[in-house]
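Grab a pencil and work through these exercises with the model open beside you. Each task comes with a worked solution.

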Amino acid sequence: MIGFLHPWLLAGLAAAGVPVLLHLLARREPPTVIFPAVRYLVNTTREHRNRLRLQHWLLLLLRTLLIVALVLAAAGPTLPRGGAGAGHAPSALVLVVDDSPSSTAVVDGVAVLERLKAAARRVLARATPDDALWLLTADGIPRRGDAATLRQAVDRLAGSPRRLDLGAALGTAGEVLAPEARPGEIVVLSDLQASAVSAARPRVPVTVARPAGAPPQNRGVAALRPGAQPWSTDGGRVTVTLAGDSGAPAPVAVRLGDRPPHQVLLAPGGAATVALAGAPAGWWTVRATLPPDELRADDERVAPVRIAPLARVAWDESERYVAAAAEVLVANRRLARGDEVTLGRLGRGASVVEPPADAAALGALNRALAARGVGWRYGALVTTAAVTDSGPLLGGAAGVRVARRYALEPSGSGRTGVLATVGGAPWLVRGANGVVLLASRLDPAWTELPLQAAFVPFLDALLNRIARGEVAVVDGTPGDPVPLPDLVTEVRREGRAWRAEGGSLFRPPERGVYVLLAGRDTVGALAVNPDPRESALARAEDAALRRLWPGARVVPLDEAPALAFTAGARGDLRGPLLWTALVLGLAEMGVASAWRRRS
């Protein structure tokens, strides 16, 4: 059916009644008295009057049609049209160009992204000044501009480290087009990686263009796990995992800093553990690198490693569960006996404090905590059972039942330093001056944690990282939000700095290792690597695309430019109406001139 770009202008059709009104007013003539002397003229002029009446009605019709044609042309009528044509009605189009890491794969000597960019330029070449245009890439930000501006943006695309969810991109494009009065459509130019295709319900026509030819087989570094940190100066172990759709094994080089690499042969889907020699204390970067292939974006992965001497810990031998776990850590060279950290009570230096077994000693402990400026105190005893429900430092200890605990209360304004909670209440907190408070005693009568396999790794993290002022390494992917550990005030990488707040979300712009600072102290690191799903280059089937995106047209990449601006295709009727108005105007002038001459 016919639609209108500016339907409110149809109110101007009321002007078509003006000629009719003038015609009716013009016909109001005074009474005529015919004298016998002129009676013979009546018959002579009757035929002439009939001709004038015909010309009068013809002028009325031409003028009315002229006004109708002009009003309709101003309202911008459009008509459904199929196929590709040279022109199109003013449209709103979102061009989605997939520049995620997988699009940089090389096929037949040319990167897929270069083919997508060439198709995008041809789509934009068909745009007119009346079109509304947006460009949406892997960063998820729809950018509006004219064809020339967006063409320059396309030319600058060089492969983003961010992953693009195509279903989410369709949803964003639909939201952009929702308020537009012009017919809207979406054109997707992508390598159509199967893992990037998710369900969407677009409300506008969608054209999806896929490249010709099969994607190359690929392998990439999917994970690099340095294990428990910090490493001792004796060294540590990293686990490397490969992903991809190539079954052939490949050599992986793993190195610590600039030291000589260790080689291991690994196939996609497999994992290997590599032992690395010790190094001086400090922060180091571990790299796992593959030989270059058709997709370079996933050939390397990085991970930060903290190297420090073993924590020297003093503990109470009468607490058999704590003592047994500590002995296991000593045997595995994760702890040493000493007085650097005190476990179970408040010592002179760094301390992991449990509530006292005797409630009568609680007051003295709170006074000692206040004297140290810890910022937390023990409150009332809670005997309602709950489970641990938060804290990335807990690892496998999350979800453990807690039968008894003391309420941990901040002694000042605010509530900072919470590392884990139980039922939404603080259960493990870090205060000032290297003091960590546990709300429960590490005993089965208080919590099931000492009976869990996660108890030993929990103590390892508690003594080697938390009590010494360090936190676990955080993993992230470019552009995705990463929750920052508590107390973080700044994030740094290679001379760049971002102000931050502990517990907030940070979006790392690119891959690499970021340092997390609390004031001037380094409290952790953030490892940012491409999403491992980018290594699987297999494309989605056309049937799967049509099922996930109902109504979408799936075409070869070369056909996309010709089909742009026609998926919601409506032919513009303004041109024919203006030509009709011109013909009507000329006809009206001719009839009126002839009438005046005869008059």
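**Exercise 1.** Work out the strand order of the open sheet of seven strands, and find its edges.

Solution. Step one: read across the sheet, and you get β18-β17-β19-β20-β27-β26-β25, with mixed pairing. (Strands are DSSP runs of E, at least two residues, numbered from the N terminus; two of them pair if DSSP finds at least two bridges between them.) Step two: β18 (335-337) and β25 (418-422) each have a single partner strand, so they stand at the edges with one side lacking a neighbour in the sheet.

This is a predicted model, where local features need pLDDT of at least 70, side-chain atom pairs count only at pLDDT 80 or more, and totals for chains, interfaces and linings use all residues. Residues are numbered from 1 along each chain as its sequence is written, and side-chain values use heavy atoms, leaving out hydrogens and water.

**Exercise 2.** Find how β19 and β20 pair.

Solution. Residues 341-344 (β19) and 350-353 (β20) run in the parallel sense, joined over four bridges. Look for T342: S351 in β20 sits opposite.

**Exercise 3.** Decide which residues of α6 are buried, and what they pack against.

Solution. Start with the buried set (under 20% relative accessible area, 1.4 Å probe, protein chains only; exposed is over 50%, partly exposed in between): V322, A323, A325, A326 and L329. They cover an arc of only 165° around the axis (taken from directions from the helix axis to the C-beta atoms), which puts them on the same side of α6. Next, the partners: β17, β18, β19 and α8 (455-466), with contact meaning heavy atoms within 4.5 Å. Finally, flip to the face turned away, where R320 and A331 are exposed.
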